[in-house]
Amino acid sequence: MTKIEKLQGVAFLAFPEMKNLLASELADRFGYGKIVESATISGKSFASQGSAVWYGDLLYCPDFSIDSLNEDGGSLPYWARTVMAQPFLLHFDSIGEAAGELKNIQRNWAPYQYQLFRRAALIQDKLPYINLKVRKFPVNIPNSPIGLYTLLDDKTLIASAQTNSPLPAGSLQFEEDHENPPSRAYLKIQESLSLYHCFFGVDFPKEGDKCFEAGACPGGWTWVLRQLGADVLAVDRAELAPSLMSDPHVKFMAHDAFTLKPEEVCESLQCEKLDWLLSDVICYPERLFEWIKTWRESGRAKNIICTIKMQGAINWPLIADFAAIPNSKIVHLNYNKHELTIMIRNY
Ligand SMILES: C[S@@+](CC[C@H](N)C(=O)[O-])C[C@H]1O[C@@H](n2cnc3c(N)ncnc32)[C@H](O)[C@@H]1O
């Protein structure tokens, strides 16, 4: 026998090892601080408390309401990789029953588990196939809905057909290359470009595209852009890895990237407009905001991707200013640490 029990509120799935950052974002940005540090409650006593409860990295908040999932502009916590928007409990006796009920609701489901891994794998085996493997860049992220479920005990799961990510459990992981890229930062730009393609329908950088990269040393991002065939003006105080310094499609300039004028950059790349403006500079977010403003107003960059590095406590009003930039999207990447990424389609 199965039974579905609708739940109030939502459940947020934190990025791995980012539970504390999600909790502080909920407190500081949303004024939501009633979190119980316990994952011991099983499905049987579930939701008997009025406070939010952790189940591994999944935080169920019975009294948190979200109005719309498709709304842009940062209405959801960035440090949640996905959200169970309409959570319910499913009580079941067998693995077949659990999978059957989920399948009746919609095709695509992904698990997030912090326990009972074997049982969850048996349920997933009975559900329609979705790709849960690490991916090879470049990735086309399908824009179809995907549900999320988590076993709380062997006969209860929490699930939601509606989530806010097209990725399984809100996470994109790449096959890693431990030999060629000069830094691990290459994973950040691979993830950003994949999401940019999904959000804005813009192609990946390609042969002949002109890219300006601020803060490029040692060259992880430049390496990805070159793999895709683009031309790069890389600016940093320190040089890039030798293989990139000798690449005829990479122009290196030892300079403060923020004092270069858009006209100078475009002249150096012999173009009217950049295809891609990129920054991974470690700087105060205020400075980055002003720099982005200059570039947006110049009209000389079509696509913009920048890392917003947090220095100490997060200035949420400033993040709201970033989020208010037209045609922009702020995300926390799977490969971001204490930072966010802003993407702007500037035309
Ligand atoms: C996180 S690292 C960049 C890593 C790089 N994206 C990669 O893929 O290898 C940040 C870089 O920003 C550079 N940087 C800091 N301030 C800068 C500025 N005002 N102009 C240019 N580069 C700057 C630093 O020298 C440092 O190399």
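**Exercise 1.** Which residues does F212 touch, not counting residues up to four places away in sequence?

*Solution.* This is a predicted model. Apply the contact cut-off, heavy atoms within 4.5 Å. The partners of F212 include the leucines L233, L260, L269, L274, L277 and L278. V235, A257 and V265 also touch F212. Three tryptophans complete the list: W276, W291 and W295.

**Exercise 2.** Place F212 in the largest nonpolar core, and locate that core relative to the domains.

*Solution.* The core has 55 residues. F12, F212, L274, W291 and F322 touch the most other members. Next, check the domains. Domain 1 (3-170) and domain 2 (186-345) both contribute residues, so the core lies between them. Another core, of 35 residues, lies apart from this one. V139, V224, V331 and M343 are among its members.

**Exercise 3.** Write the strand order of the open seven-stranded sheet and find its edges.

*Solution.* The order is β13-β12-β11-β14-β15-β17-β16, and the pairing is mixed. Now look at the ends. β13 (250-254) and β16 (328-331) each have a single partner strand, so one side of each lacks a neighbour in the sheet. On average, neighbouring strands are turned by 15° against each other, direction ignored.

**Exercise 4.** Describe how β15 joins β17, then add the helices that pack on the sheet.

*Solution.* β15 (residues 301-309) and β17 (residues 339-345) run antiparallel, joined by seven bridges. In one of these strands, β17, I344 is the bridge partner of I304. Helix α4 (residues 186-200) touches β14 (274-279), β15, β16 and β17. Its direction makes about 40° with that of β17. Helix α8 (residues 285-298) touches β11 (210-214), β14, β15 and β17. The direction of α8 makes about 175° with that of β15.

Key:
Residues are numbered from 1 along each chain as its sequence is written. This is a predicted model: local features need pLDDT of at least 70, side-chain atom pairs count only at pLDDT 80 or more; totals for chains, interfaces and linings use all residues. Side-chain values use heavy atoms; hydrogens and water are left out. Two strands pair if DSSP finds at least two bridges between them. Helices (H or I, at least four residues) and strands (E, at least two) are DSSP runs, numbered from the N terminus. Axes are lines fitted to C-alpha atoms, for helices over the stretch in contact, and angles run from 0 to 180 degrees between N-to-C directions. A nonpolar core is a set of buried Ala, Val, Leu, Ile, Met, Phe, Trp, Tyr and Cys residues joined through side-chain atoms within 4.5 Å. Buried means under 20% relative accessible area, exposed over 50%, partly exposed in between (1.4 Å probe, protein chains only). Domain bounds come from an automatic or database domain assignment.
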